[in-house]
Each structure stands twice: as structure tokens, then as C-alpha cells.
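Please keep the structure open beside this note. Find each residue as it is named, then read on.

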Amino acid sequence: MTTAPIRPSDGELAILRVLWSRGPSTVRDVHTELSKDRDMGYTTVLKLMQIMVEKGLVARDERARSHTYRTLQGEAETQRCLLKELLQKAFAGNRRELVLQALETEPASAEELEDIRKLLNDAKGRAR
């Protein structure tokens with residue numbers, strides 16, 4: 001039986017992004033990385049990571065003196081979870097509006113537009 005992805009809070013998502021990028025890391029490693037962009041205390045990061053263990057978002061390896069944490073939920077799985085929620089909450093399930101708003105809010109590069117065009121062509125081919 002597969003379980004539904006767990007929706008992380010904003011703080012948890014920031015920690016997950018560090019762990020996805022770095023791989024298994026200590027609280028100190030994650031705190032150092034997050035401190036580059038935001039003011040976040042070490043104990044706040046520690047507490048969030050403890051909560052994430054309880055929620056099943058990360059696992060803690062206690063074999064070494066400094067415990068390391070690794071993700072239990074993949075990046076793409078988490079992105080899909082958040083996107084489904086956004087699609088329902090903000091766009092009432094209207095995919096077209098979501099894509100149009102995304103493209104109008106932040107201009108896409110020519111390369112991104114080409115990738116999107118390829119994805120649309122692939123999706124169109126599967127829909128036939």
C-alpha cells in the first residue's frame with residue numbers, strides 16, 4: 001500500500017531542499033546552508049528536523065556522534081503534492097489557468113518555452 005505524500009510546511013520545505021541538494025547532512029550542515037539566505041536559529045532548525053522525523057519526512061541516523069538526516073520523500077513527489085494543492089486551492093482544478101498565470105507572472109526563457117512546447121506535444125500525443 002502506498003501512502004500519500006506528506007505536505008511539508010515552508011520551513012520544512014526549505015530543509016528538504018537543502019537535503020535534496022546536499023544529500024544526508026547534520027543539523028549544523030543544514031543550518032549553515034539555510035543561514036546564507038535567511039535568519040534562522042540553530043535550535044529552530046533542530047526542532048523542525050525532529051518534527052520532520054516524527055512526520056516521516058526525514059530519517060535520522062544516530063550511529064555517529066553527529067546525527068545525520070536524509071529525506072524519505074522525493075523532490076518530484078513533494079512538488080507534485082504541492083502543485084495538486086495549489087491547483088485545487090487557487091485555480092479550482094483549472095490547469096490552463098495555472099499554466100497561464102505561471103507564464104504571465106514570471107517570463108520564461110526561450111529554452112524554457114521550448115521545453116514546455118515539447119512537453120505539450122508529448123502530452124497531446126498521449127491524449128489521442
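The points below go from the core, through single residues, to the salt bridges and the surface.

1. Status of the model. This is a predicted model. Keep that in mind throughout.

2. The core. Start with the largest nonpolar core, which has 17 residues. Six of its members touch the most other members: Ile15, Leu19, Val30, Leu34, Val45 and Met49. Which helices each supply at least two residues of this core? They are H1 (10-22), H2 (27-34) and H3 (42-55). H1 gives the most, with 6 residues.

3. Methionine 49. Look at the contacts of this core member. Leaving out residues up to four places away in sequence, methionine 49 touches Ile15, Leu19, Val27, Val30, Val58 and Tyr69. Ile15, Leu19 and Val30 are also named among the core residues that touch the most other members. Val58 is the subject of the next point.

4. Valine 58. This residue is in strand E1, which covers residues 58-61. Is valine 58 buried or exposed? Its relative accessible area is 2%, so valine 58 is buried. The cut-off for buried is under 20%. Its contact list, again without residues up to four places away, includes Leu16, Leu19, Met49, Met52 and Val53. Tyr69, Arg70, Thr71 and Leu72 are on that list too. Now try a distance. Valine 58 and leucine 87 are 29 residues apart in sequence, and their C-alpha atoms are 26 Å apart in space.

5. Serine 25. Find the loop between H1 and H2; serine 25 lies there. Do not assume that a loop residue must be exposed. Serine 25 has a relative accessible area of 1%, so it counts as buried. Its side chain makes a polar contact with the side chain of arginine 22, at 3.3 Å. Setting aside neighbours within four places in sequence, serine 25 is in contact with Leu19, Val30, His67, Thr68 and Tyr69. Leu19 and Val30 appear again here; both were named in the core.

6. Glutamate 12. This residue is in helix H1. Why does glutamate 12 count as buried? Its relative accessibility is 3%, and the cut-off for buried is under 20%. Its side chain reaches the backbone nitrogen of serine 9 at 2.8 Å. Without neighbours within four places in sequence, its contacts are Arg7, Leu48, Ile51, Met52, Lys55 and Leu57. Lys55 deserves a second look.

7. A salt bridge between helices. How many salt bridges does the structure hold? There are 9. In one of them, the side chains of lysine 55 and glutamate 12 meet, with N and O 2.9 Å apart. Lysine 55 is in helix H3 and glutamate 12 in helix H1, so this pair ties together parts that are 43 residues apart in sequence. The two partners also differ in cover. Glutamate 12 is buried at 3% relative accessibility, whereas lysine 55 is partly exposed at 35%.

8. Salt bridges within a helix. Go next to helix H4, residues 75-91. Glutamate 85 and lysine 89 form a salt bridge through their side chains, at 3.1 Å from N to O. They are 4 residues apart in this helix, which means about one helical turn separates them. Glutamate 85 is partly exposed, at 23%. Lysine 89 is exposed, at 66%.

9. A second case, and a network. Helix H6 spans residues 110-127. Arginine 117 and glutamate 114 form a salt bridge, and their closest N and O atoms are 3.6 Å apart. These two are 3 residues apart in H6, so about one helical turn lies between them. Arginine 117 is partly exposed, at 46% relative accessibility. Glutamate 114 is partly exposed as well, at 34%. Elsewhere, salt bridges with shared partners join Arg7, Glu85 and Lys89 into one network.

10. A nonpolar surface patch. Finish on the outside. Which residues form a nonpolar patch on the surface? They are Val99, Leu103 and Leu113, and together they have about 210 Å² of accessible area. Leucine 103 lies in helix H5, residues 95-105. Leucine 103 counts as partly exposed because its relative accessibility is 34%.

Definitions and conventions: Residues are numbered from 1 along each chain as its sequence is written. This is a predicted model: local features need pLDDT of at least 70, side-chain atom pairs count only at pLDDT 80 or more; totals for chains, interfaces and linings use all residues. Side-chain values use heavy atoms; hydrogens and water are left out. Patches are made of residues with over 30% relative accessible area and no salt bridge: like charges are joined within 9 Å, nonpolar side chains (Val, Leu, Ile, Met, Phe, Trp, Tyr) within 5 Å. Accessible areas come from the Shrake-Rupley method with a 1.4 Å probe; for residues, only the protein chains shown count as cover. A salt bridge is a side-chain nitrogen of Lys or Arg within 4 Å of a carboxyl oxygen of Asp or Glu. Buried means under 20% relative accessible area, exposed over 50%, partly exposed in between (1.4 Å probe, protein chains only). A nonpolar core is a set of buried Ala, Val, Leu, Ile, Met, Phe, Trp, Tyr and Cys residues joined through side-chain atoms within 4.5 Å. Contact means heavy atoms within 4.5 Å. A polar contact is a pair of N or O atoms within 3.5 Å; within protein, one must be able to donate a hydrogen and the other to accept it, and residues adjacent in sequence count only if both atoms are side-chain atoms.
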